[in-house]
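Here's a quick tour for anyone meeting this protein model for the first time. Have a look at the structure, then read on.

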Amino acid sequence: MGLGFLLVMDVRDPSGGLPTRQPSDGMPSRQPGGVLPGSALPTRQFTADLPPRAGNFEQRASFTPGELPARGAPERGGLEPRGPQREAFPVRQPAMRPPRPSGRHRRPVPASLPQSAPALILAVPGRDADLSSGPAGELATVLRVDNPAVDVRAARIDGGGYDDPLDLRAVLADAAERRTDSSAPCAVVIPLIATVNPPVTRRLREAVAASGTNAIVSGFINSNAMIAEALHIRLAEAGLARQDRVRLFSIVTAADGVLIATVGGPDAAAAANVTSVLLAARLALPVITASMDSAPSVHEGAMRLKEMGVSRLAIAPCFIGPEATRSDLDSLAVGAECAAPIGAHSNIAKLAALTYGQAISQLDLPVPGDGGKEVRGQHE
């Protein structure tokens, strides 16, 4: 007697796991993945009898993609576009100016200047100041090399008058004769001093007025940060301070207190207070200011630092050199080591060039090669 077995197999969708429905009732069969075919999805038909949503639907829908109106043209009901037309504003034409370098390394003085540009005169205090090999001569040489288009000269404020070719009055008269335009300034006179010095400034203005020339007298050469850097370098050269404030190493000969010695009265000592603060930040040492020719004196400043616990004092002369007299230098003998004066430091040359560049930026100078046309502010 044979046994019969009935094998029933359940055919299911391998992807969805659902049984396949046979198309017996007119419905589309389920495709793999459980998604109906796209042809079975209903499509929404838009008829013309549908009500418009807002505004004039016929007018808005009358445009074809290739016939869209231009920007700014009327679009809705013939209304004009809101706001003024952009084309109605005047177009500003750029001014024709000669190219100039920019950035932190830009030149303080233009590379090319017209012949009518004023000369740069370093006014050196002192009757016997050396203008050939001293700090004044070295600074003038550096300025000539860095600015070949500038007529750089050095002159004595307290010279021998017009008979002395190096006197300020004689140099100004010669500079005025070389300029064809008498209405333009013939020179920019810069006093060669590192701090405020009212006596030197007064003698300088008197000499310029006595010359009868049209010259610009600028302020003294000073920038507290750059002067503090120069004093730091001079102290390091004398072995009285570490050379690099970043590397925290110490040297045996370094001082533990600094006295900044100025010349020019109490105003010079007061003006150097900012420099002393910046130098103290560079050295991380106590720094105070004293005057070589008035109060507070160098001796008083040294005693004050001794009271603050300073055992080894260093003196930083805050002057270029020619403005200090022999008696001023003798006042530095207080039993402390002294660094060299600032002298012909590169920072002094930079400050002189910056001062001259600021002065000529306010003048109307013709552009070289532009037919003598004057453009204000072109050398800023």
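## Two buried cysteines

C186 has a relative accessible area of 3% in this predicted model, so with a cut-off of under 20% it counts as buried. C318 is tucked away too: its relative accessible area is 1%, and that makes it buried because the value is under 20%.

What about disulfides? A disulfide is a covalent bond between the sulfur atoms of two cysteines. How many does the structure hold? The count is zero.

## The nonpolar cores

Now for the inside. The largest nonpolar core has 50 residues, and the ones touching the most other members are L122, L192, L235, L279 and Y356. Which helix gives the most to this core? That's helix 10, spanning residues 346-360, with eight residues.

Let's zoom in on L235. Leaving out residues up to four places away in sequence, L235 touches L240, A241, V258, L279, L283, A314, I315, A316 and A339. Apart from the largest core lies another one, made of 18 residues. C186 turns up again there, and L172, V200 and L204 are also among its members.

## The chain as a whole

Stepping back, the chain has ten helices and ten strands. It runs to 380 residues, and 37% of them are buried.

How do distant parts of the sequence meet? Take the contacts with a separation of 6 or more: 68% of them are between residues 24 or more positions apart. As for the outside, the chain exposes about 23200 Å², with carbon and sulfur atoms supplying 55% of that area.

Terms used: Residues are numbered from 1 along each chain as its sequence is written. This is a predicted model: local features need pLDDT of at least 70, side-chain atom pairs count only at pLDDT 80 or more; totals for chains, interfaces and linings use all residues. Side-chain values use heavy atoms; hydrogens and water are left out. A nonpolar core is a set of buried Ala, Val, Leu, Ile, Met, Phe, Trp, Tyr and Cys residues joined through side-chain atoms within 4.5 Å. Buried means under 20% relative accessible area, exposed over 50%, partly exposed in between (1.4 Å probe, protein chains only). Helices (H or I, at least four residues) and strands (E, at least two) are DSSP runs, numbered from the N terminus. Contact means heavy atoms within 4.5 Å. Accessible areas come from the Shrake-Rupley method with a 1.4 Å probe; for residues, only the protein chains shown count as cover. A disulfide is a pair of cysteine sulfur atoms within 2.5 Å.
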